[in-house]
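Hi,

Here is the structure I promised to pass on. Have a look at it first, and my notes on what turned up follow below.

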Amino acid sequence: MQLMNVATNVLDAIGNTPLVQLRRVVPPGCARVVVKLEGANPTGNMKDRMAKTAIEAAEADGRLALVCATKGYRIKIVTSDAFSVEKTRTTQAFGAQIISIPSDNGKITEALIRQMIDTARQISQEPQHWWFDQLNNRDAASGYHAMAEEIWRQTHGRVDAFVQSVGSAHSLNGVTQALRKHNPDLYVAAAEPAESAILSGGPKGAHRIEGIGIGFIPPHWRPEEVHAIESATTDEANRMCRRLASEEGIFAGTSSGLNVIAALRVAERLGPDATVATIMIDSGLRYLSTDVYRQTQ
């Protein structure tokens with residue numbers, strides 16, 4: 001019997017999440033589709049990886065003043081009522097001070113994202129504050145290198161394609177960069193909300209897929225690294241989330257549903273001899289107050 005190592009603190013428990021092959025939602029004749037269950041991280045989100053790496057980098061070069069509970073820093077989070085109440089309550093449980101920006105009836109829009117950024121920038125001007133500045137933080141992408149290495153090991157070196165939805169683009173960039181060291185021919189697909197498909201050259205709009213689709217091109221978007229851009233609506237992503245829960249036993253958020261939709265398209269394109277990897281970004285427990293799981297069909 002193999003014994004689990006005891007983490008010295010909760011930060012050491014970040015990563016090494018399960019990788020699961022989808023069975024029932026994948027049509028016959030498609031590539032193998034595997035999903036990384038990032039809801040197994042301490043806060044139930046893949047961003048634990050990015051936060052730990054970027055904060056430790058800031059500590060190392062002296063930029064950090066106040067950030068997170070585990071390391072003894074205070075933290076202020078700018079959010080909005082467009083995002084689930086579970087996320088706000090979770091961060092409050094860790095001791096965060098919340099600054100909430102009102103949305104237009106719960107819609108995620110460029111105007112809302114820019115207002116949140118401007119608010120965070122203003123707060124950062126106060127004495128003894130350090131701004132994480134997620135979109136521009138140069139350390140963020142490296143937080144996902146370990147995820148790529150885990151995927152490579154867990155698939156025994158069989159990854160032909162990687163699919164990920166785009167918010168800041170750090171996770172797409174970080175995993176792609178590390179996987180391509182193993183497989184230079186890696187096929188990469190980005191995913192975005194159909195209601196605001198700006199990466200595909202479409203018009204910006206409002207949607208309800210939290211964490212992605214910011215309404216403008218993120219500073220670290222690298223189109224030259226991507227072979228395809230897939231999109232689906234919020235409703236389609238929600239339906240896929242419910243299918244994942246009822247058919248695969250995987251409980252995840254809306255952006256994860258979008259990831260699977262895009263991964264299935266890539267899997268059909270590449271055929272049965274390939275392996276497509278994508279991410280279940282967070283746990284469905286973070287969305288129980290939203291529309292995602294209020295319907296069963």
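To start with something you can check in the viewer: which kind of contact do the side chains of Lys87 and Glu210 meet in? They meet in a salt bridge, at 2.7 Å from N to O. Lys87 sits in helix H2 (residues 85–93), while Glu210 is in the loop between strand S6 (187–193) and strand S7 (228–232), so the pair links distant parts of the chain, 123 residues apart. Both Lys87 and Glu210 are buried. Do keep in mind that this is a predicted model.

Now for the domains. The domain assignment gives domain 1 as 10–45 + 141–286 and domain 2 as 47–125. Their C-alpha centres lie 23 Å apart, and 35 residues of domain 1 are in contact with 23 residues of domain 2. Between them the two domains bury about 2400 Å², with 56% of that on carbon and sulfur atoms. On the domain 1 side, Leu11, Glu210 and Arg286 supply 26% of the area buried against domain 2, more than any other three residues. Glu210 thus comes up here as well as in the salt bridge with Lys87.

As for polar pairings, there are 4 salt bridges between domain 1 and domain 2. The interface also has 13 residue pairs in polar contact, counting pairs with both residues at pLDDT 80 or more. Helix H4 (residues 145–154) gives the most to the side of domain 1 that touches domain 2, with 3 residues. The residues on that side divide into 12 nonpolar, 15 polar and 8 charged.

Across the whole structure, a search finds 15 salt bridges. One of them joins Glu150 and Lys36, with the closest N and O atoms 2.8 Å apart. That pair also links distant parts of the chain: Glu150 is in helix H4 and Lys36 is in strand S2 (residues 32–37), 114 residues apart. Glu150 and Lys36 are both buried. Another salt bridge pairs Arg286 with Asp282, the closest N and O atoms being 3.7 Å apart, and these two residues are buried too. Salt bridges that share partners join Lys36, Glu38, Arg49 and Glu150 into one network.

Two single residues are also in my notes. Thr176 is in helix H5 (residues 170–182). With a relative accessible area of 5%, Thr176 falls under the 20% cut-off and therefore counts as buried. Leaving aside neighbours within four places in sequence, Thr176 is in contact with Phe162, Leu186 and Val188. The side chain of Thr176 reaches the backbone oxygen of Leu172 at 2.7 Å.

Arg269 is the other one, in helix H7 (residues 254–270). Is Arg269 buried or partly exposed? Its relative accessibility is 44%, which lies between the 20% and 50% cut-offs, so Arg269 counts as partly exposed. Outside its neighbours within four places in sequence, Arg269 is in contact with Tyr187, Ala228 and Glu230. With Tyr187 there is a polar contact between the two side chains, at 2.9 Å. Arg269 and Gly29 are 240 residues apart in sequence, yet 9.8 Å apart in space, C-alpha to C-alpha.

That's what I have for now.

Cheers

How values were computed
Residues numbered from 1 in each chain as written. Predicted model: local features only at pLDDT ≥ 70, side-chain atom pairs only at ≥ 80, totals over all residues. Heavy atoms only, no water. Domains from an automatic or database assignment. Contact = heavy atoms within 4.5 Å. Buried area = accessible area lost by both parts, 1.4 Å probe. Polar contact = N/O pair within 3.5 Å; in protein donor to acceptor, adjacent residues only side chain to side chain. Helix = DSSP H or I, 4+ residues; strand = E, 2+ residues; numbered from the N terminus. Nonpolar A, V, L, I, M, F, W, Y, C, P; charged D, E, K, R; others polar. Buried < 20%, exposed > 50% of the residue type's maximum accessible area, 1.4 Å probe, protein only.
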